[in-house]
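Let's take a walk through a protein fold together, one strand at a time. Have a look at the picture first, and then read on.

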Amino acid sequence: MRIKDIEGGANVSATFLNADQKSERFNLPDTLKGQHTAKLTAGHCLYSDMGRVLLAISEDSCGWHDSFGGVLNAQEVEEKYGPGRYQELRNKFHRNGHDNLLVEMGKWNLNIQDLLMVVNFFSKVIVDETGQFSFVEGNSSAGDYIDLYAPMDVLIILTALQHPMDPSPQYNPKPISFSVHDVAEDGISFGCHTSRPENGRAFFNTALYCV
């Protein structure tokens with residue numbers, strides 16, 4: 001799956017589940033601890049809570065994807081951007097990431113207890129020596145993309161709204177595109193297999209599950 005930032009400055013909040021056993025879900029803490037990182041980019045894997053690889057980042061032109069920011073709910077969006085009801089704005093009404101994800105998850109008989117952790121693709125948040133988070137503007141440019149390889153059947157839930165820490169006072173989500181293709185493994189995730197010993201073990205666990 002390739003996700004592309006069309007204009008630059010996009011943000012895509014995403015979570016992932018085993019498509020066949022939806023109780024197996026994306027585990028962000030294990031993903032970061034197992035790979036000794038606080039950011040995500042090419043060569044990294046997105047682990048499930050069963051120690052398997054849900055997705056591997058096989059290519060990435062952006063270089064940094066946020067693992068800290070989460071998504072905003074309806075109240076937070078209104079506090080940040082002001083009223084944005086459908087009654088006045090019609091299809092330009094202010095959406096929020098929390099409800100957008102729940103709407104899509106509901107199509108698979110999932111609800112709020114299944115919404116745990118997200119990754120924010122194309123966004124960058126850094127942490128200074130005091131533990132203060134800072135949003136880095138301009139992290140993603142027009143045409144930047146990320147390629148995600150799935151070694152197992154995965155349910156991917158996406159919403160493309162502004163990052164919670166984006167300082168812009170204007171509600172203005174940027175457009176993205178995505179495409180999905182069937183591919184043979186054929187070395188496509190070799191860099192992810194070898195970037196950390198933990199990744200090799202997670203791929204092995206995934207292969208055992210898929211036999």
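The paragraphs below go from the sheet to a helix beside it and then to a patch on the surface. Keep in mind that this is a predicted model.

Start with the open sheet, which is built from five strands in the order 4-5-10-1-12 with antiparallel pairing. Strand 4 (45–47) and strand 12 (176–179) stand at the edges with a single partner strand each, so one side of each has no neighbour in the sheet. From one strand to the next, the twist averages 20 degrees.

Now cross the sheet from the strand 4 edge. Strand 4 and strand 5 run antiparallel and are joined by three bridges; here Cys45 stands opposite Ala56. These two strands form a hairpin with five residues between them, where Gly51 takes a positive phi near 75 degrees. On we go: four bridges join strand 5 to strand 10 (residues 145–149), again antiparallel, and Ala56 stands opposite Tyr149 of strand 10. How much of strand 5 is buried? Six of its eight residues are, so to speak, under cover.

At the other edge, strand 1 (residues 2–5) pairs with strand 12 over four bridges in the antiparallel sense, and Arg2 stands opposite Ser179. Helix 6 (residues 197–210) packs on the sheet, where it touches strand 4 and strand 5 (53–60). The direction of helix 6 makes about 60 degrees with that of strand 4.

Finally, turn to the surface. Phe68, Val127 and Phe133 make a nonpolar patch of about 230 Å². Phe68 sits in the loop between strand 6 (65–66) and helix 2 (74–81). Phe68 has a relative accessible area of 33%, which makes this residue partly exposed.

Definitions and conventions. Residues are numbered from 1 along each chain as its sequence is written. This is a predicted model: local features need pLDDT of at least 70, side-chain atom pairs count only at pLDDT 80 or more; totals for chains, interfaces and linings use all residues. Side-chain values use heavy atoms; hydrogens and water are left out. Two strands pair if DSSP finds at least two bridges between them. Axes are lines fitted to C-alpha atoms, for helices over the stretch in contact, and angles run from 0 to 180 degrees between N-to-C directions. Contact means heavy atoms within 4.5 Å. Patches are made of residues with over 30% relative accessible area and no salt bridge: like charges are joined within 9 Å, nonpolar side chains (Val, Leu, Ile, Met, Phe, Trp, Tyr) within 5 Å. Accessible areas come from the Shrake-Rupley method with a 1.4 Å probe; for residues, only the protein chains shown count as cover. A salt bridge is a side-chain nitrogen of Lys or Arg within 4 Å of a carboxyl oxygen of Asp or Glu. Buried means under 20% relative accessible area, exposed over 50%, partly exposed in between (1.4 Å probe, protein chains only).
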